[in-house]
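Got a structure in front of you and not sure where to start? Here's a quick run of questions and answers to help you find your way around.

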Amino acid sequence: MKDEDTLRPEYPAELIKSGVRGKYVKGYREGTNIVVIAPELHKLFPDSDSVNKALRQYAKEHGMALA
């Protein structure tokens, strides 16, 4: 990626500076099913499919019913 400023002229600086950092973070955390896994686990489970497969197998082996 280039280091040059790519902000379009139609976006005024006042608009950019008026943002509130973390404004939606609480709602996002409450309404999402996204989880962060440890880096060493990411090597074993690199995508959603592999994580879901492992969790389904775990649930099956431990007699947990899936909806």
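Q: Where is Glu-61 found, and is Glu-61 buried or exposed?
A: Keep in mind that this is a predicted model. Glu-61 is found in helix 4. Its relative accessibility is 55%, and the cut-off for exposed is over 50%. So Glu-61 counts as exposed.

Q: What distance separates the C-alpha atoms of Glu-61 and Lys-17?
A: Along the chain, Glu-61 and Lys-17 are 44 residues apart. In space, the separation between their C-alpha atoms is 53 Å.

Q: How far apart are the end C-alpha atoms of helix 4, and why does that agree with its number of residues?
A: Helix 4 covers residues 48-61, which makes 14 residues. The expected span uses 1.5 Å times one less than the number of residues. For helix 4 that gives 20 Å, so the model agrees: the end C-alpha atoms are 20 Å apart.

Q: Which residue with a positive phi follows helix 4?
A: Just past helix 4 you'll run into a glycine. Its phi is near 65 degrees, and the residue is Gly-63.

Q: Is Ser-48 buried or exposed, and how far is Ser-48 from Lys-60 in space?
A: Ser-48 lies in helix 4, and at 54% relative accessibility it counts as exposed. In sequence, Ser-48 and Lys-60 are 12 residues apart. From C-alpha to C-alpha, the distance between Ser-48 and Lys-60 is 18 Å.

Q: Which helix gives the most to the lining of the largest pocket?
A: The largest pocket has a volume of about 240 Å³. Its lining includes Ile-34, His-42, Phe-45, Ser-48, Val-51 and Asn-52. With 3 residues, the top helix contributor to that lining is helix 4.

Q: Where does Ile-34 lie, and is Ile-34 buried or exposed?
A: Look at the loop between helix 2 (25-30) and helix 3 (39-44), and you'll find Ile-34 there. Ile-34 is also one of the residues lining the largest pocket. Its relative accessibility is 56%, so Ile-34 counts as exposed.

Q: How far apart in space are Ile-34 and Asp-5?
A: In sequence, 29 residues separate Ile-34 and Asp-5. Going C-alpha to C-alpha, they are 32 Å apart.

Q: What accessible area do Leu-7, Tyr-11, Leu-15 and Ile-16 have together?
A: Tyr-11 sits in the segment before helix 1 (13-17), and at 40% relative accessibility it counts as partly exposed. Along with Leu-7, Leu-15 and Ile-16, Tyr-11 forms a nonpolar patch on the surface. Together, their accessible area is about 400 Å².

Notes
Residues are numbered from 1 along each chain as its sequence is written. This is a predicted model: local features need pLDDT of at least 70, side-chain atom pairs count only at pLDDT 80 or more; totals for chains, interfaces and linings use all residues. Side-chain values use heavy atoms; hydrogens and water are left out. Patches are made of residues with over 30% relative accessible area and no salt bridge: like charges are joined within 9 Å, nonpolar side chains (Val, Leu, Ile, Met, Phe, Trp, Tyr) within 5 Å. Accessible areas come from the Shrake-Rupley method with a 1.4 Å probe; for residues, only the protein chains shown count as cover. A salt bridge is a side-chain nitrogen of Lys or Arg within 4 Å of a carboxyl oxygen of Asp or Glu. Helices (H or I, at least four residues) and strands (E, at least two) are DSSP runs, numbered from the N terminus. Buried means under 20% relative accessible area, exposed over 50%, partly exposed in between (1.4 Å probe, protein chains only). On a 1 Å grid over the protein atoms alone, a cavity is a set of points where a 1.4 Å probe fits but cannot get out, and a pocket is an open set with protein on both sides within 12 Å along at least five of seven lines; lining residues have an atom within 4 Å of a point. Grid points are joined across faces, edges and corners, and a volume is the space filled by probe spheres set on the points.
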